[in-house]
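Here is a set of questions and answers for a reader at the bench, to be followed with the model on screen.

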Amino acid sequence: MTGHAYEHVTAELRDAILRGDHPPGTKLPRHADLAARYGVSDIVIRQAIDSLKTSGLVDTRGRGGTWVRERPVTRRISMERYRADTGPQETPRTSFTTDAGITWAEYRLDKAFRWIEADERLAGLFGVEPGARVLERRFVFYARGVPSQMSRPCLLASDVEGTPVADPRNEPWPGGTIGQLRTLGIEVDEITEETAVRMPTPDESERLGIGSGVPVFSITRLMRSRGRVVEVADPIVVPGDRAVRVDRMDL
């Protein structure tokens, strides 16, 4: 086999997985069997498996072998999702549960709150002086037990300190940040999002359960009320193999 043998084997195995020859949840043949099939060394097979793992297609379980990962459900990320956070919450929901197509019972949120001083970037996004007191919240969102999104939404202490919004025990909150701010008399009337595509950090790969070679959407969100920025989410991180971005504009 000429050229980079592992690249050929990787391509063959990737195509077989995507074609359904090795369905999600099934175990790939042993390294020795794959090596014999493709006429390569065990080292080449290990390189190919490592490449598939980086791409998020397989998991290795020590001596338990290599397993094809379940394919995530594709989620559509649209600005329209924030409509779910407006108005009364007869049935508890948020923009995330609406986008993910899950019920409140199928939703889980890991959270960590702390008070920080805004650095130059965060202060610039808020339009305040560096050093301003800010509530930093870090969330990991789960849909039916699967980690599907991370975010770092921050709020100004001058808006939320001493209120139920600053208490992590009240999360998850129906209506999300929009619903929270509404209880404080702050009506969000404008949301902007800036989306970049990048590779995940090691922490993001671990928490979201994705391969280090799977890109992510990295979204910076600003919520405004009467022209004033009242929330900065920087970043919102969504695995790129589980979502498509949908934008809509009326002409």
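Q: What covers the buried residues of helix α1?
A: This is a predicted model, and the answers below should be read as statements about that model. The buried residues of α1 are Ala-5, Val-9, Thr-10, Leu-13, Ala-16 and Ile-17. What covers them includes α2 (31-38), α3 (42-54), β1 (58-60) and β2 (66-68).

Q: Within what arc do the buried residues of α1 fall, seen down its axis?
A: In an α-helix there are 3.6 residues a turn, so residues three or four places apart point the same way. The buried residues of α1 include Val-9, Leu-13 and Ile-17. Seen down the helix axis, the buried residues of α1 line one face, because they fall within an arc of 135°.

Q: Which residues are exposed on the other side of α1?
A: The buried set of α1 includes Ala-16 and Ile-17. On the other side of the helix, the residues that are exposed, with over 50% relative accessible area, are Leu-18 and Arg-19.

Q: How far apart are the end C-alpha atoms of α1?
A: Helix α1 covers residues 5-19, which is 15 residues, and at 1.5 Å a residue the expected span is 21 Å. The model agrees with that expectation, because the end C-alpha atoms are apart by 21 Å.

Q: What volume does the largest cavity have?
A: The structure holds 1 cavity of 30 Å³ or more. The volume of the largest cavity is about 300 Å³.

Q: Which residues lie nearest the centre of the largest cavity?
A: The lining of this cavity divides into 11 nonpolar, 7 polar and 7 charged residues. It is made up of 25 residues, and those that lie nearest the centre are Ser-95, Phe-141, Gly-176, Thr-177 and Arg-221.

Q: Which elements give two or more residues to the lining of the largest cavity?
A: The cavity is lined by 25 residues. The elements that give two or more residues to this lining are α4 (95-100), β4 (107-117), β5 (133-143), β6 (146-156), α7 (176-183), β8 (216-225) and β9 (228-239).

Q: Is Thr-94 buried or exposed?
A: Thr-94 has its place in the loop between β3 (75-78) and α4. Leaving aside neighbours within four places in sequence, Thr-94 is in contact with Ala-84, Asp-85, Trp-104, Tyr-107, Trp-173, Pro-174, Gly-175 and Gly-176. Since the relative accessible area of Thr-94 is 6%, this residue is buried.

Q: Where is Pro-235, the residue that follows Asp-234 across a cis peptide bond?
A: The peptide bond from Glu-171 to Pro-172 is cis, with omega near -5°, and Pro-172 lies in the loop between α6 (157-160) and α7. The bond from Asp-234 to Pro-235 is also cis, with omega near 5°. Pro-235 is found in strand β9.

Q: What relative accessible area does Arg-226 have?
A: Phi of Arg-144 is near 55°, a positive value in a residue other than glycine; Arg-144 is found in the loop between β5 and β6 and, at 51% relative accessibility, counts as exposed. Arg-226 likewise has a positive phi, near 55°, and is found in the loop between β8 and β9. Arg-226 is exposed, with a relative accessible area of 81%.

How values were computed
Residues numbered from 1 in each chain as written. Predicted model: local features only at pLDDT ≥ 70, side-chain atom pairs only at ≥ 80, totals over all residues. Heavy atoms only, no water. Helix = DSSP H or I, 4+ residues; strand = E, 2+ residues; numbered from the N terminus. Expected span 1.5 Å × (residues − 1). Buried < 20%, exposed > 50% of the residue type's maximum accessible area, 1.4 Å probe, protein only. Arc of directions from axis to C-beta. Contact = heavy atoms within 4.5 Å. 1 Å grid on protein atoms, 1.4 Å probe; cavity = no way out; pocket = protein on both sides within 12 Å on 5 of 7 lines; lining within 4 Å. Points joined across faces, edges and corners; volume = space filled by probe spheres on them. Nonpolar A, V, L, I, M, F, W, Y, C, P; charged D, E, K, R; others polar.
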